[in-house]
Amino acid sequence: MKVLVTGGTVFVSRYTTEYFVKKGHEVYVLNRNTRPQSEGVRLIECDRHNLGDKLRDTAFDIVIDVTSYNETDVKDFVNALGDFGKYIMISSSAVYPETLPQPFTEKQECGFNIYWENYGTNKIDAEKYLLRKIPNAYVIRPPYLYGRMNNLYREAFVFECAEKNLPFFVPKDGKMKLQFFDVEDLCVFIEKIIELTPENHIFNVGNPETVDVNEWVKLCYKVLGKVPEIRYVPAEINQRLYFPFRDYEYILDVTRQTEIMPDVKPLETGLQQSYEWYKDNRKLIVHKDYLKYIEKKLNNKQIILLNLDKIHTTEMGERRIRKNLGLDTADVVDYCKKKISDNNCTVSKIGKNFYCEIDNIRITVNSHSYTIITANLIK
């Protein structure tokens, strides 16, 4: 088959290109030739908005449009095509308003999402134009894509932290759910569409099972044979300053997908493959300043001060603290908070506990519940 892939040089488009080359197809890529090309492809060097007659004389069996982000992207490309068979567009789950009941289904009405903003509405416009122009086109809406060739600073960020034996900072309690889909599974699903010509033309895709942030981080560290020290950051801090995902939990209903492709790659397997690729391709990762922010803003003292209002103790803890320090103050917790807040107080973290030291006193606070476990004199 003759397959045309838009892009072809970065992550999803590059993986898709190489996947179909390995399957023995004649693969064309459309890009401006500003990055290295994959082996075995036929390059159509051009901007998709200025195609002229470059595509007119070639009949493609399959068109896989990975790089349409708005209506103009689709319009300029589609109107420049000659003959073709199936047209498959990679859209996004960002087309669903956050106000809709979840899990999102393909039958729900698309609309503005406050978390994705124009990215989502532009994808909606692209889909609408495509389906008006080519009613039998296929639209695929994935959640977070991951896997080999992922140059985004997502799992790569966690791998880097694991390699450096750093603690990992997660938002709030780490219970936010994430839904992933391996880029290879995406290509397998595209193959299913090509093979089966399904009646439905819009598909949510993704792993049927979600994981929370804690589980995802642990799986990434596990790939390196390590266990993360997870530190929790209060909601008051914008998580995009230190963490690769938005503060937005959503789930796609992937029933249509599972009807024609019931099996997907286990997340741990995909992460293992992603890490193997990452080790040899570090320079391709688009880094963010997460580690710089963490180093400057999320040290132990700042974390515990941000959670000062959560600090409490038990009746047994109160009796223990009074006895150990010889206190006769009415409010033991307030006494400890003032000590912790003092500029001269130093805070370290070992295992699950903060250790706050000042004036020959050590106050032990659980880093998750913020319970004062004990306080004692330093001998």
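**Exercise 1. Which residue just after α4 takes a positive phi?** Find the residue, then say where it sits and how open it is.

*Solution.* This is a predicted model, so treat what follows as a reading of that prediction.

Step 1: go to the end of helix α4, which covers residues 155-163. Just past α4 you meet N165, with a positive phi of about 55°.

Step 2: place N165. It's in the loop between α4 and β8.

Step 3: check the accessibility. N165 has a relative accessibility of 58%, and exposed means over 50%, so N165 counts as exposed.

**Exercise 2. Get your bearings: how many helices and strands does the chain have?** Then work out the overall picture of the chain.

*Solution.* Step 1: count the elements. You should arrive at 12 helices and 17 strands.

Step 2: look at the extent of the chain. Along the principal axes, its C-alpha atoms fill a box of roughly 90 × 40 × 35 Å.

Step 3: look at burial. The chain has 379 residues, and 52% of them count as buried.

Step 4: turn to the contacts. Take those between residues at least 6 apart in sequence: 72% of them join residues at least 24 apart.

**Exercise 3. Is α4 largely enclosed or not?** Use its buried residues to decide, then list what they pack against.

*Solution.* Step 1: pick out the buried residues of α4. They are E155, A156, F157, V158, F159, E160, C161 and A162.

Step 2: draw the conclusion. With 8 of its 9 residues buried, α4 is largely enclosed by the rest of the structure.

Step 3: name the surroundings. The buried residues of α4 pack against strands β7 (144-146) and β8 (168-171), and against helices α6, α8 (267-280) and α9 (290-297).

**Exercise 4. How do α4 and α6 cross?** Describe the geometry, then the residues that make the contact.

*Solution.* Step 1: know what to look for. A pair of packed helices is described by the angle between the axes and the distance between them.

Step 2: apply that here. The axes of α4 and α6 (residues 213-223) come within 9 Å and cross at roughly 60°. That angle makes α4 oblique to α6.

Step 3: add the hand, which is right-handed for this crossing.

Step 4: find the residues in contact. On the α4 side they are E155, V158, F159, C161 and A162, and on the α6 side W216, V217, C220 and Y221.

Step 5: sort them by class. You get 8 nonpolar, no polar and 1 charged.

**Exercise 5. Now do the same for α4 and α9: at roughly what angle do their axes cross?**

*Solution.* Step 1: read the geometry. The axes come within 11 Å and cross at roughly 55°. The two helices are therefore oblique to each other.

Step 2: list the partners. F157, E160 and C161 of α4 meet Y290, L291 and I294 of α9.

Step 3: sort by class. This contact has 5 nonpolar, no polar and 1 charged residues.

**Exercise 6. Which residues of α2 are buried?** Work out how they're arranged and what lies against the helix.

*Solution.* Step 1: scan α2, residues 71-78. The buried ones are D73, V74, F77 and V78.

Step 2: look around the axis. These residues cover an arc of only 105°, which puts them on the same side of α2.

Step 3: see what they pack against. That's β1 (2-6), β2 (26-31), β4 (60-65), β5 (84-90) and α3 (118-133).

Step 4: zoom in on α3. It packs with α2 at an angle of about 30°, with the axes 7 Å apart. That makes α2 roughly parallel to α3.

Step 5: match the residues. E71, V74, K75 and V78 in α2 meet N122, D125, A126, Y129, L130, R132 and K133 in α3. By class, they split into 5 nonpolar, 1 polar and 5 charged.

**Exercise 7. Which two residues does a cis peptide bond join?** Find them, then examine the backbone of F11.

*Solution.* Step 1: look for the cis bond. It joins Q102 and P103, with omega about 5°. P103 belongs to the loop between β5 and α3.

Step 2: move to F11, which is found in helix α1 (residues 11-22). F11 isn't a glycine, yet its phi is positive, near 35°.

Step 3: check burial. F11 has a relative accessible area of 8%, so F11 is buried.

Technical notes:
Residues are numbered from 1 along each chain as its sequence is written. This is a predicted model: local features need pLDDT of at least 70, side-chain atom pairs count only at pLDDT 80 or more; totals for chains, interfaces and linings use all residues. Side-chain values use heavy atoms; hydrogens and water are left out. Axes are lines fitted to C-alpha atoms, for helices over the stretch in contact, and angles run from 0 to 180 degrees between N-to-C directions. Helices (H or I, at least four residues) and strands (E, at least two) are DSSP runs, numbered from the N terminus. Angles under 35 degrees count as roughly parallel, over 145 as roughly antiparallel, 65 to 115 as roughly perpendicular and the rest as oblique. A crossing is left-handed if the near helix is turned anticlockwise from the far one by less than a right angle, and right-handed if clockwise. Contact means heavy atoms within 4.5 Å. Ala, Val, Leu, Ile, Met, Phe, Trp, Tyr, Cys and Pro count as nonpolar, Asp, Glu, Lys and Arg as charged, and the others, Gly among them, as polar. Buried means under 20% relative accessible area, exposed over 50%, partly exposed in between (1.4 Å probe, protein chains only). The arc is that of the directions from the helix axis to the C-beta atoms.
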